[in-house]
Amino acid sequence: MKHEEITLPAVQATLPDGLVRRQRAAPVKPATFDLKDPATGKPVSPETMLTLPDGQKITAKDYYAQLNALEKQSAARGHSLTARSPAPPEGVAIDSQALDRQSAQIARGFVRRSRDHAIPPGTSTRELQNRHDQAVATDADRLAALERASHLSARRTTIKIPPKVIELLLGKPELLAAMVTGKFDAGTLATGLPGTMRIAGDLAIGASILKRPADFLKIALELLAPPQGQMTARLAVHVAGKEVLAFDQKGDKPFTKDESTKRSFRVPVNFKLGAGPIGFSVEAAAVGEAGTTLFAGVRQAATDVKLTPSVRSRLEVAAKADFKIAGASVKSNVVIADGDLNFEGGSEMALQNGMLVPRQKLSGDSKLEMLAGKAHVEGFIYQPAFSFPPFKKKKFGFTLWDWKGMKIAGRLFE
């Protein structure tokens, strides 16, 4: 399979002011840094070239002009660059208690939980293929009974079973959130040819970064098996909005479909960030890979399916200081949404005591880790080659995200 990375264009966003924790104190008098060599105290020519640690060149005049400008900004916030104490930390206010409540609510929706966070073993696609082949080989009695019972009305063959719905939301969409939504059905088709069996499902796993929503993985599936005529298997898989797999297979003979796909993706968001007196241009991107494997078996008035979607995604952060004499480093290990899911289903018009009755089965298991880790931007002022003013190298920290995350596994429905 050809490897392909799906990269969406970056969008501009704004960090919500209401969530930003700013540390401010009473303004202090700004210090003045003169054009002097700190080691000798002698004046320095304005045109003297200084070399910054990253290799950039800057004149002494421009260096000290930027340094005094940064000192004024910092002093206005109550902290001089000459202070020995570190700059107070800033960041986004993370409501850990609210996140914990969301996580607990999601956990209550699971039928059971696995201590080792492993999905309970399911039927392999090979076993499903063998089961399908065996069913086709021994289907004569069932199909003969189905033909004799062709007078069945749609009312008598319709089973009304509420769809299985998944709605998981963790976090704040205006900052960072992860979502899993879906709906799955198995049973008889309410309209059309009586006895038509159907399995349908829709699933989306994604996130929102500063109000930019993105579905990392989106799947739409439908299997239709009437007692006679054309049987249908449809599947559409999108990664980061791009269609990566699609088929619409029809036939009047039993058939199976075994497909798999996986793609890498990147969803960037750009915004401005002020850490201490230093301004930064930041790119936060959801990066990862998503894909699915599918087995679908379709025969007259009977369907089987196994769908195993998976997503791996993390928050990648890059920052660049707006001032030439400043720099930035980033530490980010945030898992946005890592999910392994397993859905199995079957529906058929079955022979029971000489009569045809509709049967259905549908189950979904999941292993999820969401919004776990920390993203931190640290700004600092570069020290020129000859020496640095008395306050040494000054650092400013800003935390974008910091939470333990949610890790859970178990049965979503059955």
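These are my notes on a six-stranded sheet and helix α1 in a predicted model.

**Ground rules.** I number residues from 1 along each chain as its sequence is written. Because the model is predicted, I read local features only at pLDDT of at least 70 and side-chain atom pairs at pLDDT 80 or more, while totals for chains, interfaces and linings use all residues, and side-chain values use heavy atoms, without hydrogens or water.

**The sheet.** I looked up the strand order first. I found an open sheet of six strands, β7-β8-β9-β10-β11-β12, paired antiparallel. (Strands are DSSP runs of E with at least two residues and helices are runs of H or I with at least four, numbered from the N terminus; two strands pair if DSSP finds at least two bridges between them.) Which strands stand at the edges? They are β7 (164–172) and β12 (242–251); each has a single partner strand, so one side of each lacks a neighbour in the sheet. Neighbouring strands are turned by 5 degrees against each other on average, direction ignored. (Those angles run from 0 to 180 degrees between N-to-C directions, with axes fitted to C-alpha atoms.)

**Strand β10.** Next I followed β10 (residues 212–225) to its neighbours. On one side, 13 bridges join β9 (residues 197–209) to β10, and Gly201 has Leu221 as its bridge partner. The β9–β10 hairpin has two residues between its strands, and Leu210 in the turn has a positive phi of about 50 degrees.

Eight bridges join β10 to β11 (residues 231–239), again antiparallel. Here I noted Leu217 with its bridge partner Val239, and Lys218 opposite His238. This hairpin has five residues between the strands, and Gly229 takes a positive phi near 90 degrees.

Is β10 enclosed or open? I counted 10 of its 14 residues as buried, so β10 is largely enclosed by the rest of the structure. (Buried means under 20% relative accessible area, exposed over 50%, partly exposed in between, with a 1.4 Å probe and protein chains only.)

**Helix α1.** I checked the length of α1 (residues 60–76): its 17 residues should span 24 Å at 1.5 Å a residue, and the end C-alpha atoms are 24 Å apart, which agrees. (The expected span is 1.5 Å times one less than the number of residues.) Its buried residues include Tyr63, Tyr64, Leu67 and Leu70. Among the elements covering the buried residues of α1 are β14 (278–299) and β18 (355–381). Just after α1, Gly78 takes a positive phi of about 95 degrees.

Note on methods. Two strands pair if DSSP finds at least two bridges between them. Contact means heavy atoms within 4.5 Å.
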